[in-house]
Amino acid sequence: MPDLLVVPGSLREASSSRAAARTLARRLEGRAACTIADVGRLPHYNADVTDDPNVARFIEQVGAADGILFVTPEYNYSIPGVLKNAIDWASRPAYASVFKDKPCFVVSVSGGALGGVRAQAHLKYILNGMLARVFPAKEVVVPQANAKVADGMLNDEDTLAFAEAEIRPFLDSLG
Ligand SMILES: Cc1cc2nc3c(=O)[nH]c(=O)nc-3n(C[C@H](O)[C@H](O)[C@H](O)COP(=O)(O)O)c2cc1C
């Protein structure tokens, strides 16, 4: 069973992307061993900081995972700063970081009608720049996501079934 690191891009308790990440991890039980990363523990990126244990843990988690499942909201047409900050920490040395050749799958959410598709495109662009391997699949987006959360879980069965169908070949590709 592949080890999957699930990386939500929001910190708030009632976050729809955290709910989507939690729900997808639950649905993938038995097909992947999921760990949910906590990017909120990371300090702001600063190359002078070389001994932060949370940074070390995040880089270790990315390095050890067979694949990464990002679940990102859209902030101002892009990904949230907290997610970019986490990615930046794990992106060094350039072109030879733990992201090099790392299989990645991107899900986006938003409160609006487009499901964070612009953030999704930005995240894939960023991942390509780090030589990560973005899995080619139909785009999984969750529009109007806040209305689809109850008790900390995403409850839109159609979207979840579609997401699962797209993520399954990704998991199979991880061997
Ligand atoms: C700073 C900020 C910027 C946002 N910008 C966008 C945006 O560009 N496009 C969009 O569809 N939603 C935007 N939203 C709405 C978010 O999609 C919505 O708040 C979503 O619920 C955030 O994800 P979360 O529920 O995981 O926290 C923005 C929200 C915030 C707080």
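This report describes the largest pocket and the ligand surroundings in a predicted model.

**The ligand**

The ligand is surrounded by 14 residues, and the closest of them are Ser15, Ser16, Ser17, Asn76 and Asn146. Sorted by class, this shell holds eight polar, three charged and three nonpolar residues. Polar contacts with the ligand include those in the table below, which involve Asn76, Tyr77 and Ser110.

| Protein atom | Ligand atom | Distance |
|---|---|---|
| Asn76, backbone N or O | nitrogen | 2.7 Å |
| Tyr77, polar backbone atom | oxygen | 2.8 Å |
| Ser110, polar side-chain atom | oxygen | 3.3 Å |

On its own, the ligand has 610 Å² of accessible area, and the protein covers 71% of this. Asn76 thus appears twice in this account: it is among the closest residues to the ligand, and its backbone supplies the atom that lies 2.7 Å from a ligand nitrogen. Ser110, in contrast to the backbone atoms of Asn76 and Tyr77, takes part through its side chain.

**The largest pocket**

The largest pocket contains about 160 Å³ of space. Its lining is made up of 15 residues. Those nearest the centre of the pocket are Val49, Thr50, Val55, Ile59 and Trp89. Helix 2, which spans residues 53-64, contributes the most to the lining, with three residues. By class, the lining consists of nine nonpolar residues, three polar ones and three charged ones.

Conventions: Residues numbered from 1 in each chain as written. Predicted model: local features only at pLDDT ≥ 70, side-chain atom pairs only at ≥ 80, totals over all residues. Heavy atoms only, no water. 1 Å grid on protein atoms, 1.4 Å probe; cavity = no way out; pocket = protein on both sides within 12 Å on 5 of 7 lines; lining within 4 Å. Points joined across faces, edges and corners; volume = space filled by probe spheres on them. Helix = DSSP H or I, 4+ residues; strand = E, 2+ residues; numbered from the N terminus. Nonpolar A, V, L, I, M, F, W, Y, C, P; charged D, E, K, R; others polar. Near = heavy atom within 4 Å. Polar contact = N/O pair within 3.5 Å; in protein donor to acceptor, adjacent residues only side chain to side chain. Areas by Shrake-Rupley, 256 points an atom, 1.4 Å probe, with all protein chains shown as cover.
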